[in-house]
Amino acid sequence: MSLLRSTFIALSGNARLRRFSERSSLGRRMSSRFVAGFRIEDALNATAALDRQGLAVTLDSLGENVSSPGQARQSGQTYHRLLDEISTARLNANVSLKLTQMGIDLGHDLAFEVVSGLVTHAAQNNSFVRVDMEGTLYTDATIGLVRKLHAVPENRGHVGIVIQAYLRRSAQDIETLLADGIRIRLCKGAYKEPPELAFPAKSDVDANFVALMKVLLKSGVFHGIATHDEAMIAATKTFVHAERIDRAGFEFQMLYGVRRDLQRQLVKDGYKVRVYVPFGEEWYPYFMRRLAERPANVLFLAKNFFRN
Ligand SMILES: Cc1cc2nc3c(=O)[nH]c(=O)nc-3n(C[C@H](O)[C@H](O)[C@H](O)COP(=O)(O)OP(=O)(O)OC[C@H]3O[C@@H](n4cnc5c(N)ncnc54)[C@H](O)[C@@H]3O)c2cc1C
């Protein structure tokens, strides 16, 4: 892992810098590159604008590691409101959430209760809840919780998970999840993990991403291929073409504010694309992980700041 990447990931967990940045007007301004605003209304406006361009959305109310059951339930309430707003405005959108935000550190039962309520709501609205994948401390718990929710017949197809190609265990996890018919978002992985658990070399992560993408696209279940890496996208397109896979049977997924040119081009080429739209006051850890992925973003932000 590069020094810059690990520095930004380490900074993403720094509480003091986080408090300072989230309150400062400069921090708030910089975050707008990757965060759609602070209120639900901002996120819905961004969603409607993307919708008009033919892009689907998944909404993420930012926040991680809550410290009381009340906070976890409050996070759940925000998502209930999102599901209602999406349905009322008939937006082509669903939601993505993190288990640490739903109280998993305080007890698995609490997180299950909150997420279960959301999946029931999503099923009633014919919508979908994606459970994001966090660091390896949570991998087993996340897989266990999603499988348990998906086993409820009414929830089938309305809850999905994320698998990270940098983890050595992922091929095995995909096999288990596909046996249940669970929808998967494949991404490379954004956390700092030891080499015993995650491939340290980008070439190995990329090779695993391509291998796993092939398994997913042949599975007959609707999955998300989440990447901005042109090589991964090209490999996916080539495989789709060679295997005559239906373009309506999967989607590409990208982050809000990242490679907007590529997002639009894929739509033009007839692929489904979903944009991950985060919003909220607690943008700092998310924002720092985005800088870690591409330290050139720091330069980009600085240039824009001085230009404004
Ligand atoms: C929809 C979506 C959901 C995700 N959900 C999760 C999750 O649940 N758990 C998890 O661990 N990770 C998640 N990620 C993050 C993911 O794991 C990667 O950290 C991130 O997508 C960068 O990997 P990459 O595939 O784009 O390729 P990389 O090899 O990192 O980047 C390839 C190229 O993409 C462009 N690029 C990549 N990132 C950026 C950026 N931040 N800013 C500007 N350009 C960039 C650059 O041109 C770069 O050269 C998600 C990503 C997406 C797109």
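This passage walks through a predicted model, from its central barrel out to its helices and a few single residues.

The natural place to begin is the barrel. Eight strands form a closed barrel in the order β1-β2-β3-β4-β5-β6-β7-β8, and the pairing is parallel. From one strand to the next, the twist averages 30°. Helix α7, which spans residues 139–150, packs on this sheet and touches both β3 and β4. The direction of α7 makes about 155° with that of β4, the strand at 159–164.

Strand β2 offers a good first look at the barrel wall. This strand covers residues 93–97 and is mostly covered, with five of its five residues buried. In a regular strand, side chains alternate between the two faces of the sheet. In β2, Ala93, Val95 and Leu97 point one way, while Asn94 and Ser96 point the other way, and all are buried.

The neighbours of β2 can be taken in turn. Strand β1, made of residues 56–61, pairs with β2 in the parallel sense over three bridges. Here leucine 59 stands opposite valine 95 of β2. Between these two strands the chain passes through helix α5 (residues 69–88), giving a β-α-β crossover that is right-handed. Strand β3 (residues 129–131) also runs parallel to β2, and three bridges join the two. Within β3, valine 131 is the bridge partner of leucine 97. The path from β2 to β3 leads through helix α6, residues 108–124, and this β-α-β crossover is right-handed.

A residue from a helix also meets this part of the barrel. Threonine 47 belongs to helix α4, which runs over residues 40–52. Leaving aside residues up to four places away in sequence, threonine 47 touches Val57, Leu59, Leu91 and Ala93. Is threonine 47 buried or exposed? Its relative accessibility is 1%, so threonine 47 counts as buried.

Further along the barrel comes strand β5, residues 183–187. Five of the five residues of β5 are buried, and the strand is mostly covered. Arg183, Arg185 and Cys187 point one way from β5, Ile184 and Leu186 point the other way, and all are buried. Two arginines are thus named among the buried residues of this strand, Arg183 and Arg185.

On one side, β5 pairs with β4 in the parallel sense over five bridges. Isoleucine 163 has leucine 186 of β5 as its bridge partner. The chain reaches β5 from β4 by way of helix α8 (residues 170–179), in a right-handed β-α-β crossover. Strand β6, residues 223–226, runs parallel to β5 and is joined to β5 by two bridges. Leucine 186 appears again in this pairing, with isoleucine 225 as its bridge partner in β6. Helix α9 (residues 202–217) carries the chain from β5 to β6, and this β-α-β crossover is right-handed.

Helices also pack against one another. Two packed helices are described by the angle between their axes and the distance between the axes. For helix α1 (residues 3–12) and helix α12 (residues 284–293), the axes come within 8 Å and cross at roughly 180°. With angles over 145 degrees counted as roughly antiparallel, α1 and α12 are therefore roughly antiparallel to each other. The residues that meet are Arg5, Phe8, Ile9, Leu11 and Ser12 from α1, and Tyr284, Pro285, Met288, Leu291 and Ala292 from α12. By class, this contact has eight nonpolar residues, one polar and one charged.

A few single residues complete the tour. Leucine 299 is part of helix α13, residues 296–307. Leucine 299 has a relative accessible area of 57% and is exposed. Along the chain, leucine 299 and histidine 228 are 71 residues apart, and 19 Å separates their C-alpha atoms.

Two loop residues have a positive phi without being glycine. For asparagine 126, phi is near 55°, and this residue sits in the loop between α6 and β3. Asparagine 126 has 66% relative accessibility and so counts as exposed. For arginine 244, phi is about 50°, and the residue lies in the loop between α10 (230–242) and β7 (250–255). With 78% relative accessibility, arginine 244 counts as exposed.

Note on methods. Residues numbered from 1 in each chain as written. Predicted model: local features only at pLDDT ≥ 70, side-chain atom pairs only at ≥ 80, totals over all residues. Heavy atoms only, no water. Axes fitted to C-alpha atoms, helices over the stretch in contact; angles between N-to-C directions. Helix = DSSP H or I, 4+ residues; strand = E, 2+ residues; numbered from the N terminus. Parallel < 35°, antiparallel > 145°, perpendicular 65-115°, else oblique. Contact = heavy atoms within 4.5 Å. Nonpolar A, V, L, I, M, F, W, Y, C, P; charged D, E, K, R; others polar. Buried < 20%, exposed > 50% of the residue type's maximum accessible area, 1.4 Å probe, protein only. Pairing = 2+ DSSP bridges. Right-handed = clockwise from strand over helix to strand, strands pointing away.
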